Amino acid sequence: MPRPILATVHTGALRHNLQVARERAPDSRVWAVVKADAYGHGIERAFDGLRSADGFALLDLAEAQRLRALDWRGPILLLEGVFEARDLELCSRLGLWHTVHCSEQIDWLAAHKTQQPHKVFLKLNSGMNRLGFTLAAYRAAWARLNALPQVDEIAHMTHFSDADGARGIAHQVALFEQATEDLPGERTLANSAAILRHARGALRGASSLAADWVREGIALYGSAPDFPEHSAAHWGLQPTMTLATRVIGVQQLQPGDTVGYGSTFTAPAPMRIGVIACGYADGYPRHAPSGTPVLVDGVRTTTLGRVSMDMITVDLTPVPDAGIGSEAVLWGRAANGTVLPVDEVAHAAGTIAYEPLCAVAPRVRFEVAA
């Protein structure tokens with residue numbers, strides 16, 4: 001039989017989380033962000049749960065081809081645009097919309113021969129300082145694009161750096177409104193944190209925030225972008241991936257016995273521990289410390305000692321009836337319905353949910369469930 005570790009993608013939860021964005025931004029269309037192979041879920045596996053999105057946003061041309069192969073005929077947006085001039089040929093062939101964030105991309109468009117003009121999203125650097133034109137350069141970039149016969153429509157976009165925190169988004173919204181004032185074209189600003197925290201807040205009346213499009217990324221996959229201030233349950237999000245395995249060994253420790261490489265955990269009293277079939281080679285964070293939450297037979301307990309390549313040890317004290325074959329859920333939903341949010345696991349490991357979701361290794365089997 002195969003090794004018992006299994007990742008399950010829940011398409012019903014994906015549909016639900018997409019609907020959360022629609023409810024919080026009812027006047028906007030929704031980009032389902034599926035970069036990084038749908039945040040580790042797999043584009044083909046996630047597609048059925050996301051097919052009601054208004055468009056898909058991603059980075060990679062190969063992923064765009066995979067969406068078209070699934071018979072998706074709606075909008076696809078390349079969030080970082082093209083990486084070299086010849087990429088524009090594939091944009092023309094696949095009908096892709098793409099971001100323009102630097103003058104070189106405008107140069108490539110100017111030299112591109114196409115029968116079908118492109119729709120582009122001109123990106124403003126409103127404070128993230130990664131990609132995009134500064135406020136001083138934005139209108140000149142728009143004018144260059146607007147003069148090109150290769151360009152059909154120019155939309156406007158920016159990305160928030162602090163939508164999940166105390167600084168908020170007002171300073172970036174103000175810059176965006178200044179840069180795009182009186183310019184025609186659709187707008188997109190809000191990421192997951194802005195959709196959840198600000199779409200119904202004080203800035204709801206701002207035309208730019210409501211915008212034409214919102215971009216739902218991590219919230220689509222059941223993670224709260226502002227954890228631990230708010231949980232996924234607070235925002236009404238459901239887990240879209242369950243990573244589960246089985247107990248494959250049991251040990252009885254005496255006081256003073258140690259566990260795992262480096263003997264980082266010492267038993268303070270007699271205790272029963274389980275060994276589960278999951279490790280850092282499966283994508284579980286190696287740096288997750290003792291005390292990271294895990295579910296055994298639907299009961300919350302914790303890891304003990306270091307994560308090794310193929311195994312993790314867990315405390316069976318709260319689950320005295322557990323033994324060989326017992327279910328162990330690293331994150332997601334247990335068979336009894338108990339949920340362990342991926343945010344909690346990531347937080348314990350000193351990271352964010354994006355990382356473990358995207359890191360599930362190729363050797364882990366996947367299945368799709370409703």
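Here is a short chat about a predicted model, taking in its largest pocket, its cysteines and a few single residues.

Reader: Let's start with the pocket. How much space lies in the largest pocket?
Author: This pocket is lined by 39 residues. Those divide into 20 nonpolar, eleven polar and eight charged. As for the space inside the largest pocket, that comes to about 800 Å³.

Reader: Which residues lie nearest the centre of the largest pocket?
Author: The lining runs to 39 residues, so there's plenty to pick from, going by what counts as lining, an atom within 4 Å of a pocket point. Nearest the centre you'll find Lys35, Arg130, His159, Asn191 and Tyr354.

Reader: And which element gives the largest share of the lining of that pocket?
Author: A few elements give two or more residues each: α2 (35-39), α9 (192-197), β9 and α11 (342-348). The largest share is three residues, and the element behind it is α11.

Reader: Okay, on to cysteines. How many disulfides does the structure hold?
Author: A disulfide needs two cysteine sulfur atoms within 2.5 Å. Take cysteine 91: its closest cysteine sulfur, in cysteine 102, is 13 Å off, which is too far for a bond. Cysteine 358 is in no disulfide either, with the sulfur of cysteine 278, the nearest one, 16 Å away. The count for the structure is zero.

Reader: Is cysteine 358 buried, partly exposed or exposed?
Author: Cysteine 91 makes a handy contrast, as its relative accessible area is 2% and it is buried. Cysteine 358 has 37% relative accessibility. Buried means under 20% and exposed means over 50%, so the 37% of cysteine 358 makes it partly exposed.

Reader: What does the side chain of threonine 240 have a polar atom 3.0 Å from?
Author: Threonine 240 sits in the loop between β9 (213-216) and β10 (241-253), and it counts as buried because its relative accessibility is 0%. Its contacts beyond the close sequence neighbours include Thr8, His41, Leu220 and Tyr221. The atom 3.0 Å from that polar side-chain atom is the backbone oxygen of tyrosine 221.

Reader: That loop has aspartate 226 too. Which side chain makes a polar contact with the side chain of aspartate 226?
Author: Aspartate 226 is in the loop between β9 and β10, and at 4% relative accessibility it counts as buried. Leaving aside neighbours within four places in sequence, it is in contact with Asp164, Arg197 and Trp235. The polar contact, at 3.0 Å, is with the side chain of tryptophan 235.

Reader: How far apart in space are glutamate 216 and asparagine 17?
Author: Glutamate 216 is in strand β9 and is buried, with a relative accessible area of 2%. Asparagine 17 is among the residues in contact with it, along with others including Leu18, Trp31 and Ile195. The two are 199 residues apart in sequence, yet from C-alpha to C-alpha the gap is 9.1 Å.

Reader: One last pair. What separates the C-alpha atoms of aspartate 321 and asparagine 191?
Author: Aspartate 321 has its place in the loop between β16 (312-315) and β17 (327-333). It is exposed, with a relative accessible area of 76%. Asparagine 191, one of the residues nearest the centre of the largest pocket, is 130 residues from it along the chain, and their C-alpha atoms are separated by 44 Å.

Conventions: Residues are numbered from 1 along each chain as its sequence is written. This is a predicted model: local features need pLDDT of at least 70, side-chain atom pairs count only at pLDDT 80 or more; totals for chains, interfaces and linings use all residues. Side-chain values use heavy atoms; hydrogens and water are left out. Helices (H or I, at least four residues) and strands (E, at least two) are DSSP runs, numbered from the N terminus. Buried means under 20% relative accessible area, exposed over 50%, partly exposed in between (1.4 Å probe, protein chains only). A polar contact is a pair of N or O atoms within 3.5 Å; within protein, one must be able to donate a hydrogen and the other to accept it, and residues adjacent in sequence count only if both atoms are side-chain atoms. Contact means heavy atoms within 4.5 Å. On a 1 Å grid over the protein atoms alone, a cavity is a set of points where a 1.4 Å probe fits but cannot get out, and a pocket is an open set with protein on both sides within 12 Å along at least five of seven lines; lining residues have an atom within 4 Å of a point. Grid points are joined across faces, edges and corners, and a volume is the space filled by probe spheres set on the points. Ala, Val, Leu, Ile, Met, Phe, Trp, Tyr, Cys and Pro count as nonpolar, Asp, Glu, Lys and Arg as charged, and the others, Gly among them, as polar.
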